[in-house]
Amino acid sequence: MGNKEIIKNVLKKRRVVPGPDYRDFGAILLFILLVPYIVSFFFGNAGQRINGEGQEAEAGAALAEAEMFQEDLKKTEYIVYNKTAVGTEMIPLETYLVSRLPVTIDMGYEMEALKAQAVVLRTELMKQAEGEGKCIYVESGVVNADAEEYERSKQAVGSTKGMFLVYENEIITAPYFAVSAGATRNGNEVFGSDEYNYLKSVMCERDFTSEHYAGSLRMSRHTFWKRLGEFMENMPYEEAGDVESRLLLERDRAGYVTEVSVKGEHISGEVFRDAFGLNSSCFEIEEEGDTVVIRTKGTGHGLGLCQYGANEAAKKGSDYIDILNYFFSDTVIEKIGESK
């Protein structure tokens, strides 16, 4: 599998699930509505008003919330079909984003950085829906965000409601990652295509201050060649020998390894990264006696929005529009329901 296919699979990875089972959804909704009565039946008025008004208020609140959810579901243009252990649930896109955002970024970051991530995440999901109408299929687990994170997530998503990124009238592929190696990568160079002019390499001069900027991995030479051999099936292990003289690394302009070669066998830098569990494919390999040391810079694939760089920009006064324009060149922000 070539480098283009490997990284495309990483950036566009999603689990496609069958269409929604409305019986499951109806059962779940019915259960939600009946919870207050079940609790009341088994536990009486514990913790509630003595006259029973507590149970009635709780049941009424549950019903109102369910009705509001249904109303939002009918009004939304994009619906997320989320496969869970109990079935497939239908969620309005904006509602899903509020729960999803805390999974994708440090919620302690500046609000403008969170807003930029919200737009990128919405764009990514809408891009995924192309070819399937306005249905987005995902498989997400339960997100345990604390109250403060949830409120910040609601603010970031609400402030950017419906906004997504477009380049030449097409929804873009909107990758994001945690920390760069000093600069983001050029999309055309990585994918070997001229379709990603909006993914230009830009500097992230403060990323070296992140605690996740530098990493290292140490192992014996024997372990190194054995593990690499699992991904290079035709590499003769007995002839492997020392590492530095036999391993050839090709890099892009941002310093990330695009290809690793040994005796005519090749794998992409991203496959090598996965093989050794590295933080990024921007790495150097050194030998100290019989020990192989792999030193990395940055965290993530290096394409698109650099979250740490976005946060540093926000600290200096950049708003989310400035941030998006910096990392996604020549793109336009449109809004669901208002785009041409």
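Is Arg221 buried, partly exposed or exposed? Arg221 is partly exposed, because its relative accessible area is 24%, between the 20% limit for buried and the 50% limit for exposed. This is a predicted model, and the report below starts from its salt bridges.

## Salt bridges

General background first. Side chains of opposite charge can pair when their charged atoms come close. The count here comes to 18 salt bridges. Three of them are set out below.

| Pair | Closest N to O | Sequence separation |
|---|---|---|
| Arg185 and Glu270 | 3.6 Å | 85 residues |
| Lys200 and Asp330 | 3.8 Å | 130 residues |
| Glu287 and Arg221 | 3.0 Å | 66 residues |

Take Arg221 first. Its side chain meets that of Glu287 in a salt bridge, 3.0 Å from N to O. Glu287 belongs to strand β11 and Arg221 to helix α8, so the pair links distant parts of the chain. Glu287 counts as buried, because its relative accessibility of 18% is under 20%.

Next come Lys200 and Asp330. Lys200 sits in the loop between α7 and β7, while Asp330 sits in the loop between α11 (320-327) and β14 (332-335), so their salt bridge ties together parts 130 residues apart in sequence. Lys200 is partly exposed, with a relative accessible area of 35%. Asp330 is exposed, because its relative accessible area of 58% is over 50%.

Arg185 and Glu270 are both buried. Arg185 lies in the loop between β6 (176-177) and α7 (187-191), and Glu270 lies in helix α9, so this pair ties together parts 85 residues apart in sequence. Salt bridges with shared partners join Arg185, Asp252, Glu270 and Arg273 into one network.

## Asp252 in the network

Where does Asp252 lie? Its place is in the loop between β8 (248-251) and β9 (257-262). Asp252 is buried, because its relative accessible area of 7% is under 20%.

The side chain of Asp252 makes a polar contact of 2.7 Å with the side chain of Arg185. The Asp252 side chain also reaches the backbone nitrogen of Ala254, at 3.0 Å. Leaving aside neighbours within four places in sequence, Asp252 is in contact with Arg185, Glu189, Val190 and Thr258.

## The three-stranded sheet

Strands of a sheet pair through backbone hydrogen bonds, either parallel or antiparallel. Here, 3 strands form an open sheet in the order β7-β12-β11, with antiparallel pairing. The edge strands are β7 (214-220) and β11 (283-288), and each pairs on one side only. From one strand to the next, the twist averages 20°.

Strand β11 is joined to β12 (residues 291-297) by 6 bridges. Within this region, Glu286 stands opposite Val293 in β12.

Which strands does helix α8 touch? Helix α8 (residues 221-229) packs on the sheet and touches β7, β11 and β12. Its direction makes about 100° with that of β7. Helix α9 (residues 269-276) lies across β7, β11 and β12, running at about 55° to β11. These helices also carry salt-bridge partners: Arg221 is in helix α8, and Glu270 is in helix α9.

## Nonpolar cores

In soluble globular proteins, nonpolar side chains tend to be buried together. The largest nonpolar core in this model has 56 residues, of which Phe327 and Phe328 touch the most other members. Helix α5 (residues 111-129) gives the most to this core, with 11 residues.

What does Phe328 touch, not counting residues up to four places away in sequence? Its contacts are Val120, Leu165, Ile172, Ala174, Pro175, Tyr198, Leu199, Gly304 and Leu305.

A second, separate core has 21 residues. Phe224, Val260, Phe272 and Ile294 are among them.

## Ala113 and its surroundings

Ala113 is in helix α5. Ala113 counts as buried, because its relative accessibility of 1% is under 20%. Not counting residues up to four places away in sequence, Ala113 touches Ile105, Ala310, Asn311, Ala314 and Ile323.

How many residues apart in sequence are Ala113 and Ile323? The separation is 210 residues in sequence, yet their C-alpha atoms are 7.6 Å apart in space.

Notes. Residues numbered from 1 in each chain as written. Predicted model: local features only at pLDDT ≥ 70, side-chain atom pairs only at ≥ 80, totals over all residues. Heavy atoms only, no water. Pairing = 2+ DSSP bridges. Helix = DSSP H or I, 4+ residues; strand = E, 2+ residues; numbered from the N terminus. Axes fitted to C-alpha atoms, helices over the stretch in contact; angles between N-to-C directions. Contact = heavy atoms within 4.5 Å. Buried < 20%, exposed > 50% of the residue type's maximum accessible area, 1.4 Å probe, protein only. Polar contact = N/O pair within 3.5 Å; in protein donor to acceptor, adjacent residues only side chain to side chain. Core = buried A, V, L, I, M, F, W, Y, C linked by side-chain atoms within 4.5 Å. Salt bridge = Lys/Arg side-chain N within 4 Å of Asp/Glu carboxyl O.
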